[in-house]
Amino acid sequence: MKKAIIIVTIFAIVFGVFICTNTVSATEQAIDEETESRLVEIKDNVANSLADYQEKYGSDVYGLVAYILNVIRIYSIPFCFLGIAIGAIHRYVVGIRKLDTLEKGLGLIVTFVTLLIICQVLPLAFAVFVKFGRG
């Protein structure tokens, strides 16, 4: 009797695993198709955005540089805030016990604030240069 119960249980487990993997496979295929269409849409948006910058600045090179500076401007904000938070942790939490970490934290804060300011002002400086410097 025990052998029969074990065999039925093993058969039920194998059958259940087979059904679950087929369901997961069908779901993955649907997600893959959706993801592929979403990636194509994102690629088209990026291409259109780059074309808009190239049209606005009147040159392929200036448009590409302006597009790259804009991307850097956008992604520098969370990166620098994360660096500032790490520096604050080093300065105010870990630095209470270790004085060398206190100075390291201050250095991190100053570095990331400076980097944030540079990344936010550089696109503006480039736009002013292109607008008034080119003639």
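This tour proceeds from the whole chain to its second and third helices, then to the nonpolar core and a single valine.

**Whole chain.** Begin with the entire protein displayed as a cartoon; the model is a predicted one. The protein contains three helices and zero strands, and its order along the sequence is α-α-α. Colour next by accessibility: 17% of the 135 residues count as buried. A surface representation exposes about 10500 Å², of which carbon and sulfur atoms supply 70%. Among contacts between residues at least 6 apart in sequence, 50% join residues at least 24 apart.

**Helix α2.** Select residues 60-93, which form α2. This helix has 34 residues and reaches 49 Å from its first C-alpha to its last, close to the 50 Å expected at 1.5 Å a residue. At the start of α2, display Ser-59 and Val-61: a side-chain oxygen of Ser-59 lies within 3.4 Å of the backbone nitrogen of Val-61. Then move along to Ser-76, where α2 bends by about 35°. A proline, Pro-78, follows within four residues of that bend. The buried residues of α2 include Gly-63, Asn-70, Ser-76, Cys-80, Gly-83, Gly-87 and His-90.

**Helix α3.** Select residues 99-133 for α3. With 35 residues, α3 reaches 48 Å between its first and last C-alpha, close to the 51 Å expected at 1.5 Å a residue. Centre the view on Val-121, where α3 bends by about 30°; here, too, a proline follows within four residues, namely Pro-123. Pro-123 is itself among the buried residues of α3, as are Thr-101, Gly-105, Ile-109, Phe-112, Leu-116 and Cys-119.

**The largest nonpolar core.** Select Tyr-53, Tyr-57, Ala-66, Tyr-67, Leu-69, Phe-126 and Val-130 and show their side chains; these seven residues make up the largest nonpolar core. The elements giving two or more residues to this core are α1 (2-57), α2 and α3. The largest share, three residues, comes from α2.

Now retain Phe-126, a buried residue of α3, and ask which residues it touches beyond four places away in sequence. Its contacts are Tyr-57, Tyr-62, Val-65, Ala-66 and Leu-69. Of these partners, Ala-66 and Leu-69 are listed among the buried residues of α2.

**Val-113.** Finish at Val-113, which is located in helix α3. Is this residue buried or partly exposed? Val-113 counts as partly exposed because its relative accessibility is 33%, whereas buried means under 20%. Add Phe-81 to the selection and draw a distance between the two C-alpha atoms: the residues are 8.4 Å apart in space, although 32 residues separate them in sequence.

Key. Residues are numbered from 1 along each chain as its sequence is written. This is a predicted model: local features need pLDDT of at least 70, side-chain atom pairs count only at pLDDT 80 or more; totals for chains, interfaces and linings use all residues. Side-chain values use heavy atoms; hydrogens and water are left out. A nonpolar core is a set of buried Ala, Val, Leu, Ile, Met, Phe, Trp, Tyr and Cys residues joined through side-chain atoms within 4.5 Å. Buried means under 20% relative accessible area, exposed over 50%, partly exposed in between (1.4 Å probe, protein chains only). Contact means heavy atoms within 4.5 Å. The expected span of a helix is 1.5 Å times one less than its number of residues. The bend at a residue is the angle between axes fitted to the seven residues ending there and the seven starting there. A polar contact is a pair of N or O atoms within 3.5 Å; within protein, one must be able to donate a hydrogen and the other to accept it, and residues adjacent in sequence count only if both atoms are side-chain atoms. Accessible areas come from the Shrake-Rupley method with a 1.4 Å probe; for residues, only the protein chains shown count as cover.
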